[in-house]
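These exercises go through one protein structure step by step. Each task is followed by a worked solution.

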Amino acid sequence: MPLIPGSRLGPYEVLSPLGAGGMGEVFRARDSRLGRDVAIKVLPAAFAEEPERLARFEREARLLASLSHPNIAGIHGLEVVDGHRHLVLEFVDGVTLADRLKSGPLPIDEALAVGAQIAGALEAAHEAGIVHRDLKPGNVMLTGAGDVKVLDFGLARGSSTTANPGDQGLSASPTMTYAGTMAGVILGTAAYMSPEQARGRTLDRRTDIWSFGCVLYECLSGRSLFAGETVSDTIAKILEREPDWSA
């Protein structure tokens, strides 16, 4: 079901696209019943009938519904219109940390304030038994009031889980699925993956702590902790090299 500005999903009028990735497409919409803006997340049309995609989509809804924290963007509901599922999410007005970092590193006070709020969101998720698995600057929103919201739990799972072989083929930039020769399947964004995630091994909250360190490093230095010309080069750096601490 193509969504364009002016189209409707039940009581929601689509206003504009907000972004797209492997886990879904997100649109800004207006809730005519409550008079508020929301974010509508739908599966890409090519995957809307795939059982694994639908299961992941519904799992994201359940995970978000189990979390309540000021630094985690919330969910209003999971709805079905004409047989198509969509998530109704909190709309966060601001800029992503990724966009903010395009202009250079954050001042240290700002970096620590942002980092503390991200850490608070992760701690709340971990205490609920949830591992994000795709923390990166593009999934962190900064509001005009200085608040931080962690977004996109589309890859989240309960802790101490391995990647699901059924997730093979869900590849899309910037979030990738990498089906390698190793036993597991790698889900996430290469530059922010922990070594165990890059190897497709069992994950727990420590994988998010690693990703958080990568994000904080980028906030302070203005550059990625692990970056290579290709995904393979990036993963090799994660597995084999020490960070450039001089940055």
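**Exercise 1. A sheet and its helix**

In what order do the 3 strands of the open sheet with S7, S9 and S10 lie, and is the pairing parallel or antiparallel?

Solution. The model is a predicted one.
- Step 1: The order in this open sheet is S7-S9-S10, and the pairing is antiparallel.
- Step 2: Strand S7 (94-96) and strand S10 (148-150) are the edge strands, each pairing on one side only.
- Step 3: From one strand to the next, the twist averages 30°.
- Step 4: Between strand S9 (residues 140-143) and S10 there are 3 bridges, and the two run antiparallel. Within this pairing, Met141 is found opposite Lys149 in S10.
- Step 5: Helix H3 (residues 108-127) lies across S9 and S10, and runs at about 35° to S10.

**Exercise 2. The neighbours of strand S4**

Find the strands that pair with S4, and state how far S4 is enclosed.

Solution.
- Step 1: Strand S3 (residues 24-31) pairs with S4 in the antiparallel sense, over 7 bridges. Glu25 stands opposite Val42 in S4.
- Step 2: S3 and S4 form a hairpin with 4 residues between the strands, where Gly35 takes a positive phi near 65°.
- Step 3: S4 also pairs with strand S6 (residues 84-90), in the antiparallel sense over 5 bridges. Here Lys41 stands opposite Leu87 in S6.
- Step 4: Strand S4 (residues 36-42) is largely enclosed by the rest of the structure, because 5 of its 7 residues are buried.

**Exercise 3. Two loop residues**

Is Ile72 buried or exposed, and which residues does Ile72 touch?

Solution.
- Step 1: Place the residue. Ile72 is in the loop between helix H1 (51-65) and strand S5 (75-81).
- Step 2: Its relative accessible area is 5%, so Ile72 is buried, the cut-off being under 20%.
- Step 3: Leaving aside residues up to four places away in sequence, Ile72 touches Leu64, Leu67, Glu90, Ala121, Ala124, Lys149, Val150 and Phe153.
- Step 4: One of these contacts, Val150, is 78 residues from Ile72 along the chain, with 4.8 Å between the C-alpha atoms.
- Step 5: Take Gly129 as a second case. Gly129 lies in the loop between H3 and strand S8 (130-131). Gly129 has a relative accessible area of 25% and is therefore partly exposed.
- Step 6: Gly129 and Asp204 are 75 residues apart in sequence, and their C-alpha atoms are 9.0 Å apart in space.

**Exercise 4. Helix H1**

How many residues does H1 have, and what distance does H1 reach from its first C-alpha to its last?

Solution.
- Step 1: H1 has 15 residues and reaches 21 Å, close to the 21 Å expected at 1.5 Å a residue.
- Step 2: The buried residues of H1 include Leu54, Phe57, Ala61, Leu63 and Leu64. Arg53, Arg56 and Glu60 are also among them.
- Step 3: Leu64 of this buried set is also one of the residues that Ile72 touches.

**Exercise 5. Aromatic pairs**

How many aromatic pairs does a search of the whole structure find?

Solution. The search finds 2 aromatic pairs.
- Step 1: Trp210 and Phe226 form a stacked pair, 5.9 Å centre to centre with 10° between the planes. Trp210 is in helix H5 (residues 205-221), while Phe226 is in the loop between H5 and helix H6 (231-240), 16 residues apart.
- Step 2: Trp210 counts as partly exposed because its relative accessibility is 30%. Phe226, at 3%, counts as buried.
- Step 3: Tyr217 and Trp245 form an edge-to-face pair, 6.4 Å centre to centre with 70° between the planes. Tyr217 is in helix H5 and Trp245 in the segment after H6, 28 residues apart.
- Step 4: Tyr217 is buried, with a relative accessible area of 10%. Trp245 counts as exposed at 61% relative accessibility.

**Exercise 6. The whole chain**

How many helices and strands does the protein chain have, and what share of its residues is buried?

Solution.
- Step 1: The secondary structure comes to 6 helices and 13 strands.
- Step 2: Of the 247 residues, 48% are buried.
- Step 3: The accessible surface comes to about 11,600 Å², and 52% of this belongs to carbon and sulfur atoms.
- Step 4: Among contacts with a separation of 6 or more, 53% are between residues 24 or more positions apart.

How values were computed. Residues numbered from 1 in each chain as written. Predicted model: local features only at pLDDT ≥ 70, side-chain atom pairs only at ≥ 80, totals over all residues. Heavy atoms only, no water. Pairing = 2+ DSSP bridges. Axes fitted to C-alpha atoms, helices over the stretch in contact; angles between N-to-C directions. Contact = heavy atoms within 4.5 Å. Buried < 20%, exposed > 50% of the residue type's maximum accessible area, 1.4 Å probe, protein only. Areas by Shrake-Rupley, 256 points an atom, 1.4 Å probe, with all protein chains shown as cover. Expected span 1.5 Å × (residues − 1). Phe/Tyr/Trp six-rings, centres within 6.5 Å; stacked < 30°, edge-to-face > 60°.
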